[in-house]
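Dear colleague,

Please find the structure below, handed over for your use. A description of what was found in it follows.

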Amino acid sequence: MRFYRLLLRLYPAAFRVQYEEELAKVFALRSRNASPPFARLLLWLESIADTLPSALAAHWDLLRQDLRYCARLFARSPGFAITAILVAALGVGATTAAYSVTDHVLLRPLPFPEANRLVKLWEDMSPGNYTTMEPSPANYSDWKRLSHSFSGMAAFRGLSVSMTGVGDPEQVEGNAFTSDLLPMLGARPLLGRIFSQADDQPGAPGTVILSYAMWQGRFGADPNILTRKIELDGEPYTVIGVMPGEFQFPRPAVQIWTAMRFKPEDFEDRNNNYLRVIAKLRPGVSREQARAEMGIVSEELRREYPKDNEHVGVTVNPLRDELSGRSRIMLFALLGASFCVLIISCTNLANLLLSRALLRQRELALRAALGAGRERLVRQMLTESLAIALLGGVVGIGLAEAAVPLLKKLVPSSLPIASVASIDGRVLLVSFALVVLTGLCFGLIPALRASGELAPAGLGERSGVSLSSSGERLRSGLIVGEIALSLVLVLSCGLLLRALWKLEQVDPGFRSEHVLTMRTALTQPRYEKVAVRTAFYDSVLARIRQTPGVDSAAFTSFLPIVMQGGIWPVAIAGQNSELDRAFHEASLRFVTPDFFRTLNIPLRSGRTLRESDGPKSQYVAVVSESFARQYWPKQDPLGRHFAFAFADRTVVGIVGNVRVRGLERESEPQVYLPYRQVGDGDLIWYAPKDLAIRSSLKIEQLLPRVRHIIAEADPQQPISDIQTLDEIVAEDWAPRRTQLIALGTFALIAILLTAIGIHGLLAFAVGSRTREIGVRMAVGAQPGQILGLVMGQSLLLALIGIALGLALSVAAARSVAGLLAGISPTDPATYTIAAFTAFAMACAGSFLPAIRALRVDPIRAIRAE
Amino acid sequence: MPDPHELLPLPSATFHILLSLADQDRHGYAIIQDVAARTAGKLRLSAGTLYRSIQRMLEQGLIEETEERPDPELDDERRRYYRLTRFGERVARAETARFAELVKMARASGFAPGKA
């Protein structure tokens, strides 16, 4: 019997109240008639089979009833319903959008089977601050041979090749893979096949796999794509496969893949660092164990090759975690901010529902008097708030869907994931949980409170006068919380805005206005010889300079910010030796003479480079001030010598520092060398290829002309990466800007919601104190006093909220200190402005209720009693 | 009074409960037994089905709870008895008429029992 009573608890309480005794009696009668154990068992089974569906149906009946009631209520006061749904939508939308991006970048497993076992291996040259140096092929092959922690190890490297044989020549970004890489990633081709070991032998015929985007775009989804021939840097390749659209390794920008085809001589130089190495841990082997084993392996190689491997260890990183700390903090900050918005919108909803519950007190009291149980009323109100939360959730997910693509700048382009986060099942699940939680939280408090205050006396009271002091305290507490959280958001935004302003004032070292840039990646081996390159540069530059409106033009190895590496060791007689090369490095650029004029890099002393600095004349260099200060402090650097890029160079000029590594990072000192002072076939990677043109012409006028000039100099020469120098600089802080806009939006939502919350609280208070206000006016209170009465309350709440918010802000600001570009996390000016903003928001929220209080007509207010 | 036809066709449990209450007021368990007897054991209402039907029928005004105890010997203070309302009677009649109409149509199509 006890068990049956327990079973009956599955029915809704409203049903139980009526029929529990009856059901129990029927059960008792039947069990009295069923004496054999078998019959009793049957009765039990029958009862369970009966109760489960009946209870469910009874719940469903109630739910339908409640929903109908809800719909009627919403239709009667659509303003309330719409406000509540929108408030919920903003909270859920902000959190879903922020969580989608964070999940996409930081949490979701990479799209490869057993992705958590994939690691990247780097040469660890800790003495020189490089813990992630690209391995040389020789070290890679030794690691592979000597280690046992991995079920596979594969290598890849970046390619930038000119593709011909399909329309105009085009510079495409590609990768060369060893043949074991794709199987290790579990990747299958959409069409054709992946590389076989035979494709990966030295001298094997060229094979290429296309990305889905490349196949769709450049090849018009040609169904006969397999076995088609194309040329990459003038060499023939056969298309053997097309990868599916989801395959984006190592980055979304990569369009084609070729086989690595190591040649025996590739393994000769252990300092030829250009590979990326990925490995898969054997099942059961931890990263720590692999790290320990690789330590032993590098020790062995150190003994075997003391000269080259003296400082070379091995870094083992999870594939997922190769992400700058800054992107991580940015995403977490955004997530934190979105949670603030969610909490504020929940509190706001709780407040909305609470004041509504108070207004509906009479109705609820009436229903209670008519026999509706307390549980029934709580249930009804919970259904109402859950309905609001669900509708809000659906709208919110829609908002998030629209917002996520706007956040794509926060997705680092260096990960093998899509550049736009998708709202997938995981995210939906979390959002849905948020919605339900929100509904329960902001539904339960008002429901319980309202039903707890259900005294039959409610019927006799005048509407809106009974505001229990504990109810007001709860609501005031919620408002204080909202003010505090929105202050945190405003303040974080303020600090990040100041950081951005500060960065915008950072001098990049060059003037970016009116400079058009592009890359003309010179096809090798065609341009291996310096004389051939010189002919190309001379003919292109001469004709561009003749174009009216062009001020100057130059080629450089790499433009600043676009390419932040390109570092070479510096050796200075008597100052350092080859062994600690890692400590002395500078960014190396070969440039044509007009480079400094084109980028407007100021000359500090000596001279810039000249056309006469040719292969036969003295090898010279122009260095940055930072270079001069590092090596010849308090001495005249002009005329000094240093060994750099395979030759002895003489300093002939000092120029201003350039922020090669972007505006937020320290850059190595810079060295500029004349484009002709390099051996044939040497340092090909550094051969000038980035063209910069300073002109007063519009891009639309200039670009066709430049294209024409380059095509005339070399019809096979592709042009890529066309952008202005301004765009390059802007791109450098695009993630920051995006984050700030997102945070700013969150802060704005928070302020609005909080102001609405304050307004709601005060409007309610004024409404319920109309009579008191009337009496006070009748006995001669001045408008100022009435104003004080109303505003006093909200200003007190604002002050408490601001105090709490400032304390929270310090903690929040400390956690994003890495993003503040040197602005103090306790910057007094920002705190003052943020506090003032919160205060102004509180005043704005109380403005309308205060006006209403002043308009109270004492006669009518008193007579109404 | 609402139109009885709006509730048709009745769920079979509802119709049987109406039939069982036609001659006398009964409590829940008696309804179950009566329906079983009337259908020769073919229809056994489960307790859950019965009380959910009763709840809905009360809301719809087909039946009402009664204060009188028609069976003083078996009377149990706490037991609830149900009685057919006038509206319930009309609904039962309307449903019966609907069935009769159906049977007539079925006969015309040659489905009636006893005929080929």
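**Domains of chain A**

In this predicted model, 10 residues of domain 1 of chain A are in contact with nine residues of domain 2 of chain A. On the domain 1 side of that contact, α2 (13-33) and α3 (37-76) of chain A each supply at least two residues. The most comes from α3(A), which gives seven residues to this side. By class, the residues on the domain 1 side are nine nonpolar, no polar and one charged.

To place these two domains in the chain, the full division of chain A is as follows:

- domain 1 covers residues 2-76;
- domain 2 is made of 79-109 + 326-466;
- domain 3 covers 115-318;
- domain 4 is made of 491-505 + 730-865;
- domain 5 covers 521-718.

**Helix packing in chain A**

Two helix pairs, both involving α22(A), deserve your attention. Helix α22 (residues 783-815) of chain A and helix α23 (residues 828-854) of chain A have axes that come within 9 Å and cross at roughly 150°. An angle over 145 degrees counts as roughly antiparallel, and α22(A) and α23(A) are therefore roughly antiparallel to each other. Their crossing is right-handed. Among the residues that make the contact are A:P783, A:I786, A:L787, A:G801 and A:G805 of α22(A), together with A:Y831, A:F839, A:G845 and A:P849 of α23(A). The residues of this contact divide into 18 nonpolar, five polar and no charged.

The second pair joins helix α20 (residues 734-768) of chain A to α22(A); here the axes come within 11 Å and cross at roughly 145°. This crossing, too, is right-handed. From α20(A), the residues A:I758, A:L762, A:A765 and A:V766 meet A:V790, A:Q793 and A:S794 of α22(A). Five nonpolar, two polar and no charged residues make up the contact of α20(A) with α22(A). A:V790 and A:S794 also belong to the contact of α22(A) with α23(A).

**Strand pairing in chain A**

Strand β3 (residues 150-164) of chain A has several pairings to report. With strand β10 (residues 276-281) of chain A, β3(A) pairs in the antiparallel sense over six bridges, and A:F150 stands opposite A:L281 in β10(A). Eight bridges join β3(A) to strand β4 (residues 170-177) of chain A, again in an antiparallel arrangement; within this pairing, A:G158 has A:N175 of β4(A) as its bridge partner. The hairpin of β3(A) and β4(A) has five residues between the strands, and A:G165 there takes a positive phi near 105°. Strand β7 (residues 229-232) of chain A is also antiparallel to β3(A), with two bridges between them, and A:M163 has A:L232 in β7(A) as its bridge partner.

**Chain B and its contact with chain A**

In chain B, three strands form an open sheet in the order β1-β3-β2, with antiparallel pairing. The edge strands, each pairing on one side only, are β1 (26-27) and β2 (63-66) of chain B. Four bridges join β2(B) to strand β3 (residues 81-84) of chain B, and B:E64 stands opposite B:R83 in β3(B). Helix α1 (residues 12-23) of chain B lies across β1, β2 and β3 of chain B and runs at about 90° to β3(B).

Between the chains, 13 residues of chain B are in contact with 15 residues of chain A. The elements of chain B that give two or more residues to the side touching chain A are α2 (28-38) and α3 (47-60) of chain B. Of these, α3(B) gives the most, with six residues. The chain B side divides into four nonpolar, five polar and four charged residues.

**Backbone features to note**

Which peptide bond in chain B is cis? The bond from B:L8 to B:P9 is cis, with omega near -10°, and B:P9 lies in the segment before α1 of chain B. In chain A, the peptide bond from A:F249 to A:P250 is cis, with omega near -5°; A:P250 lies in the loop between β8 (235-242) and β9 (256-259) of chain A. In addition, A:A221, a residue other than glycine, has a positive phi near 55°. A:A221 is found in the loop between α7 (212-217) and β7 of chain A.

Yours sincerely

Notes. Residues are numbered from 1 along each chain as its sequence is written. Chains are lettered from A and ligands numbered from 1 in the order in which they are written. This is a predicted model: local features need pLDDT of at least 70, side-chain atom pairs count only at pLDDT 80 or more; totals for chains, interfaces and linings use all residues. Axes are lines fitted to C-alpha atoms, for helices over the stretch in contact, and angles run from 0 to 180 degrees between N-to-C directions. Angles under 35 degrees count as roughly parallel, over 145 as roughly antiparallel, 65 to 115 as roughly perpendicular and the rest as oblique. A crossing is left-handed if the near helix is turned anticlockwise from the far one by less than a right angle, and right-handed if clockwise. Two residues are in contact if their C-beta atoms, placed from the backbone, lie within 7 Å. Ala, Val, Leu, Ile, Met, Phe, Trp, Tyr, Cys and Pro count as nonpolar, Asp, Glu, Lys and Arg as charged, and the others, Gly among them, as polar. Domain bounds come from an automatic or database domain assignment. Two strands pair if DSSP finds at least two bridges between them.
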